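Open the model in your viewer and keep the selection tool at hand. The stops below go strand by strand through one sheet.

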Amino acid sequence: MTALASIASSPRAEISFAEMANAIRFLAIDAVEQAKSGHPGMPMGMADVATVLFADFLKFDPADPAWPDRDRFVLSAGHGSMLLYALLHLTGYEGMTLDQLKAFRQWGSKTPGHPEYGHTPGVETTTGPLGQGIATAVGMALAERLMNARFGDDLVDHFTYVIAGDGCLMEGISQEAISLAGHLRLNRLIVLFDDNQISIDGATSLSCSDDQVARFKASGWDVCRIDGHDPQAIAAAIRQAKASDRPSLIACRTVIGFGAPNRQGSEKVHGAPLGTEEVQKTRAALGWPYPAFEIPDAVLTEWREIGARGREARRAWIERSRRACNGERSPFHDALNRKLPCAYVDAMARLQARFATEQPKLATRQASQQVIDVIAEALPNLLGGSADLTHSNLTLAKTQVPVRPETLDGSYIHYGIREHGMAAAMNGIALHGGFIPYGGTFLSFADYNRPAIRLAALMGIRVIHVMTHDSIGLGEDGPTHQPVEHLAALRAIPNLLVFRPADAVETAEAWDCALRAETSPSILCLSRQALPTVREMPRNNQVALGAYVLVEPAFGRDVTLIATGSEVAIALEAAKLLAEAGVKAAVVSAPCFDLFRQQPRDYRAKVLGSAPRVGVEAAVEGDWARWLGDGGEFIGMTGFGASAPADVLYREFGITPAAVAAAAQRVMQRSN
């Protein structure tokens with residue numbers, strides 16, 4: 001029996017729709033009040049919409065939060081987290097007890113201030129930074145359509161629902177996201193807009209005059225406006241949206257803090273507890289005479305029945321998947337399996353051996369393209385893309401077919417000039433399951449992607465960013481396109497693997513590491529200019545160690561040269577110059593400091609050695625001092641680049657074999 005149906009026909013006639021929604025409202029009010037912090041206004045205002053959605057439309061089963069064909073629900077307005085936590089408790093998600101609600105925002109609870117994926121059952125994605133949720137949901141909806149095109153309605157047939165607020169839609173990423181969704185006609189995406197006209201500073205009219213409905217309509221969405229406190233209107237709008245051939249926006253006009261006599265409709269209820277007196281008045285106004293955190297048995301029973309309703313749908317899906325022929329079922333489960341198949345392992349091994357044998361001189365972006373060509377055939381669930389830089393990033397495999405509105409069974413996405421939207425959509429694709437997403441842009445544009453990259457690292461999901469033109473080595477495009485601070489900035493993000501390979505062999509190994517990193521996103525920083533192969537023979541994956549000794553003098557070290565990417569070749573030339581002067585120089589390639597940091601202390605000490613060190617990287621110093629130690633010296637950039645051919649830039653900025661050799665002489669003199 002659903003909440004709407006219960007209004008007219010429930011055998012427990014005393015239970016009204018208002019009571020069902022008020023259960024959400026007061027759990028949110030009480031949790032925020034107990035924590036003395038939080039955002040009660042949005043849960044109070046959107047409780048009616050959420051009740052209709054969960055009671056009458058959302059396909060889910062609390063007994064299996066990860067059921068593949070469940071509907072996805074994304075609370076983009078993550079500050080209203082108690083709306084979601086209340087629903088998870090009421091519908092019976094394991095572990096979401098009243099004690100967890102009482103521990104809202106406290107250490108060790110499953111109810112943090114903003115929803116966190118992997119921390120709380122039933123949370124589909126981490127939301128907090130506004131706009132990320134709706135943009136991530138676009139990736140989820142895209143993954144659903146792509147999986148459906150491959151495997152059909154029996155195995156993939158679900159919707160992605162989003163609750164978003166004014167803040168989500170003011171953020172620029174929202175336009176990138178809704179434009180992409182409209183272009184691809186992602187008709188299984190339904191956004192419920194909490195149109196309460198209030199932001200933190202006050203009325204949204206202080207800063208915004210946009211007609212959001214018109215904006216979405218212009219981007220190819222189906223749109224409508226409704227009273228967000230009218231359950232019949234809410235249900236009718238969702239039914240209409242589900243039947244649409246386009247993504248849908250339902251603008252729900254609501255009152256923030258609904259029911260609080262002195263706070264509703266005001267920014268005062270957005271991000272602060274109501275206070276004891278206002279809580280009492282709200283209880284009286286809404287006819288809720290129960291103590292804090294108490295839900296009447298009949299109301300809780302009704303909610304638990306709503307939660308149990310999805311069990312039958314899940315079991316029916318399991319039966320359908322079992323009946324599917326092996327030729328259909330196996331690829332489906334292979335797609336959902338996060339492990340890499342044997343075909344991939346063999347293909348990658350052959351490619352690495354070929355690179356080591358042929359010793360090609362080519363840009364690492366070109367080496368990456370060859371890797372993608374090989375692995376795309378071995379990994380049917382590899383889903384590529386680029387932010388309008390396909391032929392610069394070299395991210396399109398020969399066998400990949402572009403995804404278009406009329407061809408949703410493709411494996412390559414033209415994201416358009418939407419770097420931030422691309423990064424967030426890739427997060428959604430990874431969270432949905434079924435694909436390993438990668439996407440390309442220039443490294444100098446990494447700051448456009450950064451908020452979504454940070455969330456991927458926080459969530460611990462496998463997303464691969466291919467970022468080419470990784471240094472001043474790109475040449476004539478000049479300092480606007482030459483990344484100097486980006487490596488240091490990206491390396492500062494926890495749980496993010498930043499790779500800067502030195503040649504084709506390391507590029508293949510970096511790809512292998514990224515594909516095997518099931519709980520970390522990765523960034524492959526690749527060169528525009530051609531680089532010589534520095535590895536003479538295939539070995540076990542050396543990039544997986546983060547750093548390794550490339551050249552070890554026969555009779556001990558006088559100095560250690562550490563370099564990444566294109567500068568490894570410079571360090572090797574510097575070692576030859578030093579050898580001519582009787583100096584024994586070891587050369588260390590350090591393609592991934594993040595992985596090197598994870599190695600045992602003894603291994604790190606062996607690689608770094610006890611001799612004085614020189615670091616070489618065509619970027620700002622960042623935290624290089626950690627690896628160079630006292631008395632070490634860094635050869636790199638101290639400012640922005642310039643417009644000139646690459647060889648001129650390296651000479652003028654002093655990143656040359658001679659400069660490295662001179663630095664080595666200096667550090668040796670200081671150490672004596």
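Select β15 and β17 together: the two strands pair in the parallel sense over four bridges. Strands here are DSSP runs of E of at least two residues, helices are runs of H or I of at least four, and both are numbered from the N terminus; two strands count as paired if DSSP finds at least two bridges between them. This is a predicted model, in which local features need pLDDT of at least 70 and side-chain atom pairs count only at pLDDT 80 or more, while totals for chains, interfaces and linings use all residues. Residues are numbered from 1 along each chain as its sequence is written, and side-chain values use heavy atoms, with hydrogens and water left out.

Now pick L561. Its bridge partner in β17 is V614, and in β16 L561 stands opposite V587. Next to select is T560, which stands opposite A586 in β16. Strands β15 (residues 559-563) and β16 (residues 585-589) run parallel and are joined by five bridges.

Color β15 by accessibility. Is this strand mostly covered or open? Five of its five residues are buried, meaning under 20% relative accessible area, where over 50% is exposed and anything in between is partly exposed (1.4 Å probe, protein chains only). V559, L561 and A563 lie on one side, T560 and I562 on the other.

Follow the chain out of β15: the path goes through helix α22 (residues 567-580) to β16, a right-handed β-α-β crossover. Right-handed means that, with the strands pointing away from the viewer, the path from the first strand over the helix to the second runs clockwise.

Zoom out to the whole sheet. Five strands form an open, mixed sheet in the order β14-β16-β15-β17-β18. The edge strands, each pairing on one side only, are β14 and β18 (633-635). From one strand to the next the twist averages 30°. Add helix α27 (residues 657-671), which packs on the sheet and touches β15, β17 (613-616) and β18; its direction makes about 175° with that of β18. Axes are lines fitted to C-alpha atoms, for helices over the stretch in contact, and angles run from 0 to 180 degrees between N-to-C directions. Contact means heavy atoms within 4.5 Å.

Finish at V551, in strand β14 (residues 548-551). V551 is partly exposed, with a relative accessible area of 31%. Leaving aside residues up to four places away in sequence, V551 touches L572, A585, A586 and V587. Measure from V551 to A586: their C-alpha atoms are separated by 5.2 Å, although the two are 35 residues apart along the chain.
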